[in-house]
Amino acid sequence: MARNMSFALTTKQIRERTKTVTRRLKWMNLRAGDIVNAVVKAMGLRPGEKIQKLGEIRIVSVRREALSLCDDADAAREGFPEKTGKEFVDLFCKHMGGGPEQIVTRIEFEYVD
């Protein structure tokens, strides 16, 4: 059974299929070829609230790297073509905590459906 990966902050980009990279604090055990369910929210659901599936994604590559390595092209792959790499890093730190030098998991994916 495929695992669920939340895209609460980038639901619009997943629906529009403009996002092909995501950075995560964990998810270190993913491998290229794994299939994952992209969902709006996977944890913290209220009673009666159901998981909203956005589609299936296939993992293309996974690597650990400093968040600060995000460049302008990767900011666009993250679904933010209007932001520079530094602006995306600042946004990530604001929502997820930590600083630009923290090591994150960079996950590249493609849409299955």
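Trainee: Which element gives the largest share of the lining of the largest pocket?

Mentor: That is α3, which supplies 5 residues of the lining. Keep in mind as we go that this is a predicted model.

Trainee: Cool! How many residues line that pocket, and which lie nearest its centre?

Mentor: The lining has 24 residues, and Ser6, Leu9, Arg23, Arg24 and Met96 are the ones nearest the centre. Two or more lining residues come from each of β1 (3-6), β2 and α3.

Trainee: And what volume does the largest pocket have?

Mentor: About 590 Å³.

Trainee: Let's switch to charges. How many salt bridges are found in the whole structure?

Mentor: The search finds 12. A nice one to start with joins Asp90 and Lys86, whose closest N and O atoms are 3.0 Å apart.

Trainee: Where do Asp90 and Lys86 lie?

Mentor: Both are in helix α3 (residues 85-96). They sit 4 residues apart, which is about one turn of the helix.

Trainee: How do Lys86 and Asp90 count, buried or exposed or partly exposed?

Mentor: Lys86 counts as exposed, with 57% relative accessibility. Asp90 has a relative accessible area of 37%, so it is partly exposed.

Trainee: Which residue does Glu16 form a salt bridge with?

Mentor: Its partner is Lys12, with 3.4 Å between the closest N and O atoms. Glu16 is partly exposed at 45% relative accessibility, and Lys12 is exposed at 55%.

Trainee: What about Arg106, is it buried or exposed?

Mentor: Arg106 is buried, because its relative accessibility is 4% and the cut-off for buried is under 20%. Its side chain meets that of Glu108 in a salt bridge, 3.5 Å from N to O. Glu108 is partly exposed, with a relative accessible area of 27%.

Trainee: Which residues are joined with those two into one network?

Mentor: Lys19, Arg23, Arg63, Glu65, Asp74, Arg77 and Glu78 join Arg106 and Glu108 through salt bridges that share partners. You have already met Arg23, as one of the residues nearest the centre of the largest pocket.

Trainee: New topic: cysteines. How many disulfides does the search find?

Mentor: It finds 0 in the whole structure. Cys70 is in no disulfide, and the nearest cysteine sulfur, that of Cys93, is 11 Å away. Cys93 is in no disulfide either, its nearest cysteine sulfur being that of Cys70.

Trainee: Why isn't that pair counted as a disulfide?

Mentor: The two sulfur atoms are 11 Å apart, and a disulfide needs them within 2.5 Å, so the pair does not qualify.

Trainee: Are Cys70 and Cys93 buried or exposed?

Mentor: Cys70 is buried, with a relative accessible area of 5%. Cys93 is buried too, at 14%.

Trainee: How many residues does the largest nonpolar core have?

Mentor: That core has 14 residues, and those with the most contacts inside it are Met5, Phe7, Ile14, Leu30, Ile57 and Phe109. At least two of its residues come from each of β3, β4 (53-66) and β5 (103-111). As background, nonpolar side chains tend to be buried together in soluble globular proteins.

Trainee: Which residues is Leu30 in contact with, leaving aside neighbours within four places in sequence?

Mentor: Leu30 is in contact with Arg3, Met5, Val36, Ile59, Val62 and Ile107. There is also a second, separate core of 9 residues, which includes Cys70, Val89, Phe92 and Val104.

Trainee: One more thing: which residue other than glycine has a positive phi near 55°?

Mentor: That is Trp27, found in the loop between β2 and β3 (35-39). It counts as buried, at 17% relative accessibility. Arg17 also has a positive phi, of about 60°, although it is not a glycine.

Trainee: And where is Arg17 found?

Mentor: Look in the loop between α1 (11-15) and β2 (21-24). Arg17 is partly exposed, with a relative accessible area of 31%.

Trainee: Last one: is Gln13 buried or exposed?

Mentor: Gln13 is buried, at 10% relative accessibility, and lies in helix α1. Leaving aside its neighbours within four places in sequence, Gln13 is in contact with Thr18, Lys19, Gly79, Phe80 and Tyr111.

Conventions. Residues are numbered from 1 along each chain as its sequence is written. This is a predicted model: local features need pLDDT of at least 70, side-chain atom pairs count only at pLDDT 80 or more; totals for chains, interfaces and linings use all residues. Side-chain values use heavy atoms; hydrogens and water are left out. A salt bridge is a side-chain nitrogen of Lys or Arg within 4 Å of a carboxyl oxygen of Asp or Glu. Buried means under 20% relative accessible area, exposed over 50%, partly exposed in between (1.4 Å probe, protein chains only). Contact means heavy atoms within 4.5 Å. A nonpolar core is a set of buried Ala, Val, Leu, Ile, Met, Phe, Trp, Tyr and Cys residues joined through side-chain atoms within 4.5 Å. On a 1 Å grid over the protein atoms alone, a cavity is a set of points where a 1.4 Å probe fits but cannot get out, and a pocket is an open set with protein on both sides within 12 Å along at least five of seven lines; lining residues have an atom within 4 Å of a point. Grid points are joined across faces, edges and corners, and a volume is the space filled by probe spheres set on the points.
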